Amino acid sequence: MTQQSETGQRGFFDFSARAKFRVTGADRFRFLNGQITNDLRKASETNAVEACMLNAKGKLNAHVFLNVLGESFLVDAEPDLRDTLHARLERYVIADDVQIEDVTDEFSLFHVLTDESPPLEHNRIVSARRFAGPGWDIWTEPAQRDAVRRQLSSVSVFTDSDVAEVMRIEQGLPRWRRELTEEIIPIEANLERRTIDYEKGCYIGQEVISRMKMSGQTNKRLCGLISLEDTPLQQGMKLVVPLTPEKEAGWITSATRSERLGKQIALSYVKRGFNDVGTRLDALAPHASNAIPVEVVPLPFL
């Protein structure tokens with residue numbers, strides 16, 4: 001089934017601001033595959049692989065997409081990772097024949113939500129699952145950005161950042177600086193199916209990920225919340241146990257009103273013991289005395 005924007009039509013996004021890096025050199029595959037949680041062999045000229053980069057404690061340094069471009073790999077990430085991700089990659093180049101180049105300004109990047117590849121000539125089109133359903137990345141030169149956007153507008157509806165954010169929250173997808181920070185382990189953010197290959201070779205942080213898989217437990221988990229009284233929720237609200245406000249149960253990372261669902265919804269990290277579906281909690285804003293009753297629901301929001 002083709003994914004659609006809130007307008008009810010097929011949508012496309014302009015992700016040109018994302019940080020982009022080209023990785024070249026004879027050791028590029030071995031080097032990159034030792035940095036990411038997924039198997040780089042899944043990446044190709046026509047298919048992007050989603051992955052995380054971790055520190056030795058298994059916590060996130062970056063959430064990325066990778067694809068092949070000739071004798072190189074292209075890596076893209078959220079815009080505010082441009083400096084830190086570049087530095088992180090360079091830090092692990094020791095005796096490797098690897099070169100890492102910031103090519104953020106050399107490419108424009110669009111993403112189209114559709115089952116079939118969009119009929120655009122003279123552009124690189126790469127399959128990438130950035131949302132819940134199938135989609136396609138379109139890599140082009142900045143000089144062609146306006147022309148490509150006009151072509152896409154003839155068959156799709158441009159989806160602005162506000163609508164994209166609602167879609168992301170409805171689908172339960174974590175985002176850097178919201179659900180994904182340097183204190184989060186990918187499994188806690190429900191990223192294991194999308195970004196972790198348990199059969200691949202070693203990578204930084206693998207021991208922590210493997211131990212967590214073996215135990216089957218996490219201290220917290222990304223969950224959906226609905227506001228039971230339709231009161232707006234906010235990022236940063238603390239979650240507490242009803243009638244026991246000193247007992248903290250988690251915190252809200254993203255919130256919005258879903259017109260499709262007719263509800264105030266939120267993504268949140270909820271601690272073990274309180275994150276079963278149907279659990280009721282209270283959300284508290286900083287310095288606020290009035291509690292907002294919420295309920296834990298499955299992701300994605302239905």
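**Figure 1. Strand β15 and its surroundings.** Strand β15 covers residues 280–284, and four of its five residues are buried (under 20% relative accessible area with a 1.4 Å probe, protein chains only; over 50% is exposed, in between partly exposed). The strand is therefore largely enclosed by the rest of the structure. Strands (E, at least two residues) and helices (H or I, at least four) are DSSP runs numbered from the N terminus. The model is predicted: local features need pLDDT of at least 70 and side-chain atom pairs count only at pLDDT 80 or more, while totals for chains, interfaces and linings use all residues. Residues are numbered from 1 along each chain as its sequence is written, and side-chain values use heavy atoms, without hydrogens and water.

**Figure 2. Strand β15 with its partners β12 and β16.** Strands pair if DSSP finds at least two bridges between them. Strand β12 (residues 238–241) is joined to β15 by three bridges, and the two run antiparallel. On this side, Leu284 of β15 stands opposite Lys238. Strand β16 (residues 292–297) is also antiparallel to β15, with four bridges between them. Here Arg280 has Glu295 of β16 as its bridge partner.

**Figure 3. The aromatic rings around Phe13.** A search of the whole structure finds seven aromatic pairs (ring centres of Phe, Tyr or the six-membered ring of Trp within 6.5 Å; planes under 30 degrees apart are stacked, over 60 edge-to-face, the rest tilted). Phe13 and Phe15 form a stacked pair, because their ring centres are 5.6 Å apart and their planes are at 15 degrees. Phe13 counts as buried, with a relative accessibility of 1%. Phe13 is also stacked with Phe131, because the centres of these two rings lie 4.8 Å apart and the planes are at 20 degrees. Phe13 lies in strand β1, whereas Phe131 lies in the loop between β8 (124–127) and β9 (135–140), so the pair ties together parts that are 118 residues apart in sequence. Phe131 is buried as well, at 6% relative accessibility.

**Figure 4. The aromatic cluster with Phe158, and the charge of Arg149.** Phe12, Phe110 and Phe158 form one aromatic cluster. The charged end of Arg149 sits over the ring of Phe158, 4.0 Å from the ring centre. A charge sits over a ring if NZ of Lys or CZ of Arg is within 6 Å of the ring centre and within 35 degrees of the ring normal.

**Figure 5. Tyr198, Lys213 and Ser210.** The ring of Tyr198 has the charged end of Lys213 over it, 5.0 Å from the ring centre. Ser210 belongs to helix α6, which spans residues 206–215. Ser210 and Tyr198 are twelve residues apart along the chain, and their C-alpha atoms are separated by 7.6 Å. With a relative accessibility of 31%, Ser210 counts as partly exposed.

**Figure 6. The largest pocket.** This pocket (on a 1 Å grid over the protein atoms alone, an open set of points with protein on both sides within 12 Å along at least five of seven lines) holds about 590 Å³ of space. Of its 25 lining residues (an atom within 4 Å of a point), Phe15, Arg18, Glu78, Phe131 and Arg175 are the closest to its centre. At least two lining residues come from each of β1 (11–14), β4 (60–69) and α4 (161–170). Helix α4 supplies the largest share, four residues. By class, the lining has twelve nonpolar, three polar and ten charged residues (Asp, Glu, Lys and Arg are charged; Ala, Val, Leu, Ile, Met, Phe, Trp, Tyr, Cys and Pro nonpolar; the others, Gly among them, polar).

**Figure 7. The second largest pocket.** About 450 Å³ is the volume of this pocket (space filled by probe spheres set on grid points, which are joined across faces, edges and corners). Its lining has 22 residues, and Gln171, Gly172, Asn190, Leu299 and Pro300 lie nearest the centre. Two or more lining residues come from each of α5 (192–195), β11 (220–227) and β16. Strand β11 gives the most, with four residues. The lining divides into twelve nonpolar, five polar and five charged residues.

**Figure 8. The largest cavity.** One cavity of 30 Å³ or more (a set of points where a 1.4 Å probe fits but cannot get out) is found in the whole structure. The largest cavity contains about 40 Å³ of space. Its lining is made up of Arg10, Val112, Thr114, Pro118, Pro119, Leu120, Leu152, Val155 and Ser156. By class, six of these are nonpolar, two polar and one charged.
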